[in-house]
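Here is a short set of exercises to work through with the model open beside you. Try each task before you read its solution.

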Amino acid sequence: MAVQCKVLICVYLLTLIKHVSPSEIQASPNTNATLPCNVTFPSSMKGDKIEKSLFTVSWITNGSNVASFTKAAEQIKEGFSWDTKDFVNGDFSLTLLRASLDLQGVYECTVSYNSTLLRSSSVTFSILASPTLSIPQQWVVLETESHLKCHADGFYPPPVFFSWTRDGKEIQPPYQTEGEQSPDGYYAALGNLTFYPSREDQNVTFGCRVSHNRSIHELDFHLNITYRPSVRLSVLPSHSQNIPLTLYCDVESFYPEEVSVSWLQNGTALPEPPATEQNPDGTYRTRRYYTLSTEQRDQGGKVECAVNQPGVVHPVSGSAYLETLDPRDEPPVLTKSAKASVALMCISLVLVFLLCFGFSWRRRDEKKKSLNVSGIILPPRVIVGQKGRVTCSIEGRMVDRVQTTWFLNDTPITDTSLTVSEKGHLLPSRDELGYYKLHTHGPLHSTGSGIQQLVSSLTFIPQIAIHKGAVFKCQVSYAGKDKIVVERVSEKFTILSAPEVSEIQLAETQNDSEVISMTVKATHFHPDVITFRWFCEGGELSPVASQASSSPRPNSEGFFSAYSQCKLPRSELEKGGTKVWVSVHHIALKQPVTRETRGFIKKPNVSEIHSTSPPDQALTLGCEITDFHPPNISVTWLRLREGEQDDREEEVIEGGELWGPIQTQPRLYRATASLKRRLTNQEKKERGGIICRVEHCSLLEPIERRWRNVDIVAPSIPPSISVCWSSEGVGVFSLLFKGGHPKVKLLWAAGGPTLSPLVSNETEEIGDDGQRELKSVCALERSTNLPSQTSKQPERRKNGHAIRTKAAVTDPDAEGIEYIDEKADGENNNIDRDEETKSELDEDSDRDSDKEERERNSGALHINTVNLNRSPRENERARFRVCVEITHPALKLPVYRTWTEPNEEISSSA
């Protein structure tokens with residue numbers, strides 16, 4: 001008998017099992033992954049009514065059995081695990097320990113109960129490994145074809161997509177690379193970028209961006225650009241052929257400073273010496289000397305000065321022949337032409353002397369105009385909302401005729417201190433530059449040689465939206481002239497904003513009430529790097545959920561926010577002496593910000609607002625607050641005007657009282673908030689409301705309860721349902737309600753012994769007496785056999801358009817009207833599959849015409865179809881009933897109106 005019961009149970013289970021489609025599970029290498037296999041049992045078969053020993057469970061992959069469970073034995077391979085205790089709960093999941101590539105594949109789960117198959121499903125398991133990016137450091141040569149390489153290692157599966165960025169903008173579109181598989185099974189790929197570096201690329205941030213499996217990985221870097229020099233070889237004059245000869249090599253306009261110069265004679269390297277100087281444009285120059293011995297001087301031939309630099313494959317060199325640099329002396333012969341040349345040379349010397357004399361006068365005038373302009377000095381810390389000053393110093397003999405112009409990037413800056421508030425706007429407009437004040441001090445005498453000093457400075461209030469990533473420029477020129485004498489550009493600066501740190505919020509964990517989560521928020525900070533460190537009685541804790549390390553995105557103002565969460569057992573906090581604190585570290589803080597908490601905490605339960613309003617007395621509102629700890633709690637009453645939803649804090653109501661807190665149990669308190677006030681006539685007309693806001697240290701957001709100032713008036717309910725039947729057998733049932741506030745809620749239902757819900761249509765109008773009227777209409781047809789979808793609907797579409805709601809109530813038997821039938825698939829019709837197959841084409845055409853007609857007649861009635869089953873003993877149709885349930889706040893209990901089919905109609909239809 002017991003075996004027969006078990007078999008019956010299995011058959012019953014088969015009808016209620018929820019089958020799930022095959023799924024795909026992905027996991028990172030060396031992590032655990034759970035392959036789901038779940039069976040949902042009916043509520044009547046849970047618990048001790050299911051015996052675990054009757055289950056037969058197996059997991060198979062690639063034809064190999066990795067886990068099996070039978071009444072006789074349990075086997076599971078190494079590297080897999082499961083919990084057989086969960087079998088009675090319908091959980092047959094398998095856990096892979098330390099996922100790896102060789103564990104990939106399709107896993108099949110089969111579950112049987114008492115030899116009856118309950119479940120057979122498959123799960124595809126695969127590895128997902130993100131790439132590791134690296135870029136070898138190398139030098140590139142200015143305006144020369146250069147190649148950059150980006151390595152993406154250890155990813156799976158292929159492929160990856162490489163792209164390159166410059167200052168965040170894409171300079172090479174993504175392209176796909178499959179990569180090569182390494183011995184460990186993972187893949188490695190190489191991305192290449194070919195380009196010609198320019199001077200504008202110096203100090204610019206480049207990036208290698210790799211896309212893998214819909215995730216983006218990016219590595220930023222700066223270029224090391226080599227400027228190739230110009231090389232010129234010269235010789236120091238020598239008065240004798242028998243002394244050493246000194247050569248020198250001028251190397252100009254190169255970068256970086258590190259450079260090596262080697263000397264060669266006839267292709268053979270000569271031993272060497274050094275020294276470099278920096279040019280005003282940031283490049284370097286050097287002059288290298290080399291003294292040839294008398295033997296080397298007599299040897300003659302070609303002499304080269306070769307310059308080697310980082311990243312340059314072929315050295316830059318300058319060459320000359322010793323015969324040209326060091327011609328041999330010959331006995332002088334003075335010819336007529338030589339004499340003429342000497343005469344011309346003398347004349348030229350006189351002219352040169354005159355020119356030099358005039359040039360010296362001009363040089364003297366220019367010297368007076370020469371200026372020495374310092375670099376732009378930035379403030380040591382640029383903090384949002386605090387004034388900062390940038391300064392540029394100018395020295396010269398004519399600084400009183402100098403004028404300066406300041407720029408933010410390339411936009412001129414004007415003095416806005418009289419037109420812009422120091423507080424600024426919350427979000428500056430696109431063309432707004434913010435608050436600036438220009439200062440000029442001087443000229444001041446700095447030395448006794450007539451040199452004066454002028455100091456030009458700019459005071460500004462930093463804003464992230466305006467100044468992030470910007471630079472200041474100062475252009476120096478003489479008054480009345482457009483020529484710019486000197487331009488100085490500042491370095492990029494980091495804008496700082498100290499975080500606003502909340503108090504520690506404590507709350508019960510949603511899934512485990514014995515664990516308390518502690519959360520602290522940091523907002524309004526910049527830049528986005530922030531650190532949270534948790535401590536408990538001197539020991540450091542590890543946060544369990546933190547957004548601080550994931551570089552959260554900035555808000556609309558450009559500021560960042562983050563939170564950190566730590567969890568402790570409730571038993572530790574309930575001791576009352578456990579101290580937990582968190583320190584927040586940020587570059588904008590001189591000292592870390594610390595928040596601490598102590599002891600047990602529990603969220604309050606807040607009831608709905610209850611009101612009492614005795615005649616000729618003030619309105620009294622009350623709200624119960626229970627089961628909270630610690631006892632510190634705050635209650636605020638707010639006025640809500642009619643129509644307000646978001647801006648609800650415009651008016652705080654004074655006069656609220658708080659009774660308590662009073663201790664009800666150990667470490668649990670309760671309190672009652674009340675408000676007494678007399679509503680004005682204006683407030684009664686507005687039909688606004690009042691909000692009770694409760695704040696507690698355990699709440700991340702305040703709890704609010706709302707009370708509406710409305711008059712609840714019961715509507716006029718008709719004594720019976722109005723019924724109209726059309727010639728086609730469609731009945732239209734209606735009810736007309738007058739007055740009342742708020743609107744009533746209606747539920748129509750129809751049937752025989754049991755009722756099924758119906759679809760109705762409600763319209764509101766203002767009646768002749770000025771009262772609001774609500775008209776509810778429900779149309780239906782009754783059926784005792786299987787209706788034919790292919791014949792009934794075309795008959796109803798013969799005579800025109802669909803009937804409107806109002807026409808159906810007033811004259812349902814009018815000619816030329818039509819009802820919109822239920823959707824063709826017939827939710828309430830028990831149609832055999834064979835008949836559905838035969839009429840499939842007709843149903844499709846009916847659906848299309850139904851859809852077009854519904855679009856043309858959006859206000860048409862919905863026709864409900866109600867099937868009435870015949871009595872199995874008397875072979876008679878059940879008595880037809882239509883019922884509507886009426887609910888309203890002014891009614892203590894729902895009101896029902898019922899229409900019952902007369903007996904003569906039953907006999908006639910039978």
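**Exercise 1.** Find out why Cys566 has no disulfide to Cys536, then do likewise for Cys692 and Cys623.

*Solution.* Start with the criterion: a disulfide is a pair of cysteine sulfur atoms within 2.5 Å. For Cys566, the closest cysteine sulfur belongs to Cys536 and lies 8.2 Å away, which is too far for a bond. For Cys692, the closest cysteine sulfur is that of Cys623, at 4.0 Å, again too far for a bond.

Next, check the surroundings, where buried means under 20% relative accessible area, exposed over 50%, and partly exposed in between (1.4 Å probe, protein chains only). Cys566 has 2% relative accessibility, so Cys566 counts as buried. Cys692 is buried as well, at 0%.

A word on the ground rules: this is a predicted model, in which local features need pLDDT of at least 70 and side-chain atom pairs count only at pLDDT 80 or more, while totals for chains, interfaces and linings use all residues. Residues are numbered from 1 along each chain as its sequence is written, and side-chain values use heavy atoms, with hydrogens and water left out.

**Exercise 2.** List the disulfides and give the pattern in which the bonded cysteines pair.

*Solution.* There are three disulfides in the structure. Take them in turn:

1. Cys37 bonds to Cys109, with 2.1 Å between the sulfur atoms.
2. Cys150 bonds to Cys208, S to S 2.1 Å.
3. Cys249 bonds to Cys305, S to S 2.0 Å.

Counting bonded cysteines along the chain, you get the pattern 1-2, 3-4, 5-6.

**Exercise 3.** Work out the handedness of the Cys37 and Cys109 disulfide, and which parts of the chain the pair ties together.

*Solution.* Look at the torsion about the S-S bond first: it is about -70°, so the disulfide of Cys37 and Cys109 is left-handed. Now place the two ends, remembering that helices (H or I, at least four residues) and strands (E, at least two) are DSSP runs, numbered from the N terminus. Cys37 sits in the loop between strand E2 (33–35) and strand E3 (55–61), and Cys109 in strand E8 (residues 105–113), so the pair ties together parts 72 residues apart in sequence. Both Cys37 and Cys109 are buried.

**Exercise 4.** Repeat the analysis for Cys150 and Cys208, then assign the handedness of the Cys249 and Cys305 link.

*Solution.* The link of Cys150 and Cys208 has -95° about the S-S bond and is left-handed. Cys150 lies in strand E12 (residues 146–155) and Cys208 in strand E17 (residues 205–212), so this disulfide connects parts 58 residues apart in sequence. Cys150 and Cys208 are both buried. For Cys249 and Cys305, the value about the S-S bond is -95°, and the link is left-handed. Cys249 and Cys305 are buried too.

**Exercise 5.** Trace the open sheet that contains E51 and E55, and identify its edge strands.

*Solution.* Two strands pair if DSSP finds at least two bridges between them. The four strands of this open sheet follow the order E51-E50-E54-E55, with antiparallel pairing. Strand E51 (652–653) and strand E55 (703–708) stand at the edges with a single partner strand each, so one side of each has no neighbour in the sheet. Now zoom in on strand E54 (residues 689–695), which is joined to E55 by six bridges and runs antiparallel to E55. Gly689 has Arg708 in E55 as its bridge partner.
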